[in-house]
Amino acid sequence: MGDTPFADKPLTDRLLRSWVRCRRRAWLDRHGDPHARIYTAHRTLQLDDQQRSFVALLPRKPAAGLSGLAEGAPGVVGVRLTGEGPDGLPLEAHPPLLERVAGSSRWGDFAYRPVLARQGRRLTREHRLPLALAGQLLADFQQSPVGEALAVAGAGRRLEKERLPLNAALQRQLDEALVKLAADLQRLDPPPLAADRRKCTLCSWRGLCNAEAASEGHLSEVSGIGAKRREMLQELGIHGLKDLAAAEPAVLATQLERYGEQHGAVALPLVVQARAQRDGLVERLDQAPSLPELAMAPGVLLYDIESDPDARDDFLHGFVCLPRDQSGRWDLGRGRYHPLLVLQEHGEKRSWLRLRRLLAAYADWPILHYGETESLALKRMAQRQGASDRQLESYKHRLVDVHARVRHHWRLPLNSYGLKSVAAWRGFQWRQRSVDGARALLWWRQWRGSGPLDRGHHQTLRWIFTYNEDDCLATWAVASWLLEQDNNEERSDVTGASER
Ligand code: SF4
């Protein structure tokens with residue numbers, strides 16, 4: 001898979017950050033085949049976010065390189081710091097920004113501290129250790145201690161600043177991590193797949209790792225198994241999908257109860273799920289119709305939201321209005337897409353009025369969505385905007401979570417019951433390949449710019465709409481499969497009755 005590990009290549013802050021996320025990732029960063037990487041918009045989003053935060057933090061554009069430091073510029077980018085770590089390990093850091101602070105250094109009566117832009121709501125090890133590494137190397141370079149680092153988040157007036165003391169305890173953690181990172185990079189084979197495979201969604205090595213997980217029947221491939229359950233199962237000698245599928249549910253339940261009564265209850269569902277995946281079985285769990293709300297409905301609204309989770313901003317509420325034709329068939333050809341953009345400068349009230357008007361125009365149409373996001377967002381917005389109890393009740397009645405219906409009525413041979421996985425299994429294809437929520441978010445930020453006078457190209461907005469419309473149609477692909485199965489069931493009941 002990779003070349004021979006070289007002990008003398010430096011340990012970088014980037015490798016360290018990868019390693020904190022997943023040991024295997026750091027190994028692949030160094031030894032993996034770069035062609036196996038898949039683009040992820042996550043990194044671009046991060047850089048975009050960083051750029052905005054730094055603009056908000058600094059009085060002017062940062063200077064570049066060592067000359068910027070020597071001049072005492074307020075902010076400096078593009079500096080490479082090197083040095084030695086525990087056991088003489090060669091180290092290297094490229095801090096995203098160095099900010100001038102009071103103090104003294106080799107350049108005069110000022111000093112610098114490392115700064116990074118934090119993603120997510122909290123400062124984690126993934127931020128702390130690279131900052132500590134940059135602080136250590138910077139202290140040597142500027143010939144004066146670096147007592148703290150800074151993490152910034154958000155932009156404009158919302159810029160949050162969090163100071164991180166670079167103390168002895170953090171230095172110890174850093175040294176320990178560096179020694180372990182060096183040992184991992186010396187391995188001839190990559191470390192195991194991440195215990196919590198949710199983090200793989202944002203990783204550029206996911207193609208390689210997903211293929212490996214599928215081929216080795218990794219336990220995380222079984223829908224419903226996260227890091228904790230996997231650990232328990234491994235302790236019980238169950239190491240892969242096949243072991244789990246072969247387990248006796250009653251015996252496994254007793255064994256799992258050792259970890260708490262609630263764990264025993266999942267034994268049967270996990271074993272049968274593993275069997276469904278091993279044998280490609282599709283199994284009906286509840287004979288009742290899965291979408292009874294659609295039986296007499298004149299049409300449905302397919303609803304999907306695009307969000308910026310960090311800004312807690314549901315910026316697009318997309319609907320496909322799908323009517324029935326005169327013969328009662330669902331007429332996809334007459335489906336119309338309605339994107340409702342929620343722009344901050346318009347205020348929520350105006351967006352709510354548009355949304356309410358659209359929902360009122362199709363008053364007796366059920367609203368189909370996949371997962372909880374849409375129903376929660378709609379109900380919360382309605383509450384904030386003072387909707388009456390009757391109105392709230394009516395929305396509650398109309399909202400139909402297709403994901404919940406799939407889970408309740410069917411067991412599928414899939415490692416995930418998410419929209420992408422189930423709709424793709426039904427043969428649905430998104431028009432824009434390799435686009436995901438992160439890419440749509442990136443497009444959104446590019447289009448939104450810093451406000452109405454700084455909008456991006458309208459084509460960017462079209463890409464977002466296409467992605468969102470496809471998510472609505474993917475929801476329909478799953479819903480129409482559920483309806484088909486209900487109809488088949490009904491037909492077989494009728495045939496059975498007439499034969500009797
Ligand atoms: S895809 Fe997952 S297991 Fe593979 S390197 Fe990335 S985070 Fe680790």
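**Entry 1: Thr 12**

I started with Thr 12 and found its place in strand β1, residues 11-12. A reminder to myself: this is a predicted model, and I read every entry below with that in mind.

Next I asked whether Thr 12 is buried or exposed. Its relative accessibility is 16%, and the cut-off for buried is under 20%, so Thr 12 counts as buried.

Then I looked up what the side chain of Thr 12 does. One of its polar atoms lies 3.1 Å from the backbone nitrogen of Leu 15. Leaving out residues up to four places away in sequence, I noted that Thr 12 touches Glu 92 and Leu 133.

**Entry 2: helix α2**

I moved on to α2, which spans 23-31. How many of its residues are buried? I got seven of nine, so I wrote α2 down as mostly covered, with under 20% relative accessible area as the cut-off. The buried residues in α2 are Arg 24, Arg 25, Ala 26, Trp 27, Leu 28, Arg 30 and His 31.

What do these buried residues pack against? My list has α1 (13-21), α6 (168-186) and α7.

**Entry 3: around the ligand**

I turned to the ligand and listed the residues around it. From the N-terminal part of the numbering I have Cys 22, Arg 24, Arg 25 and Leu 28. Further along come Leu 193, Ala 194, Cys 200, Cys 203, Trp 205, Arg 206 and Cys 209.

Which helices supply at least two residues of this shell each? Those are α2 and α7, the latter running over 206-216. With three residues, α2 gives the most to the shell. It was nice to meet Arg 24, Arg 25 and Leu 28 again, since I had them among the buried residues of α2 and they also sit around the ligand.

I sorted the shell by class as well: eight residues are nonpolar, three are charged and none is polar.

**Entry 4: looking for cavities**

Last, I searched for enclosed space. Rolling a probe the size of a water molecule over the atoms shows where empty space is left. I counted one cavity of 30 Å³ or more, and the largest cavity has a volume of about 30 Å³.

Which residues line the largest cavity? I wrote down Arg 229, Met 232, Leu 233, Leu 256, His 263, Val 266 and Leu 270. Helix α8, residues 227-235, contributes the largest share of this lining, three residues. By class, the lining has five nonpolar residues, one polar and one charged.

Conventions. Residues numbered from 1 in each chain as written. Predicted model: local features only at pLDDT ≥ 70, side-chain atom pairs only at ≥ 80, totals over all residues. Heavy atoms only, no water. Near = heavy atom within 4 Å. Helix = DSSP H or I, 4+ residues; strand = E, 2+ residues; numbered from the N terminus. Nonpolar A, V, L, I, M, F, W, Y, C, P; charged D, E, K, R; others polar. 1 Å grid on protein atoms, 1.4 Å probe; cavity = no way out; pocket = protein on both sides within 12 Å on 5 of 7 lines; lining within 4 Å. Points joined across faces, edges and corners; volume = space filled by probe spheres on them. Buried < 20%, exposed > 50% of the residue type's maximum accessible area, 1.4 Å probe, protein only. Polar contact = N/O pair within 3.5 Å; in protein donor to acceptor, adjacent residues only side chain to side chain. Contact = heavy atoms within 4.5 Å.
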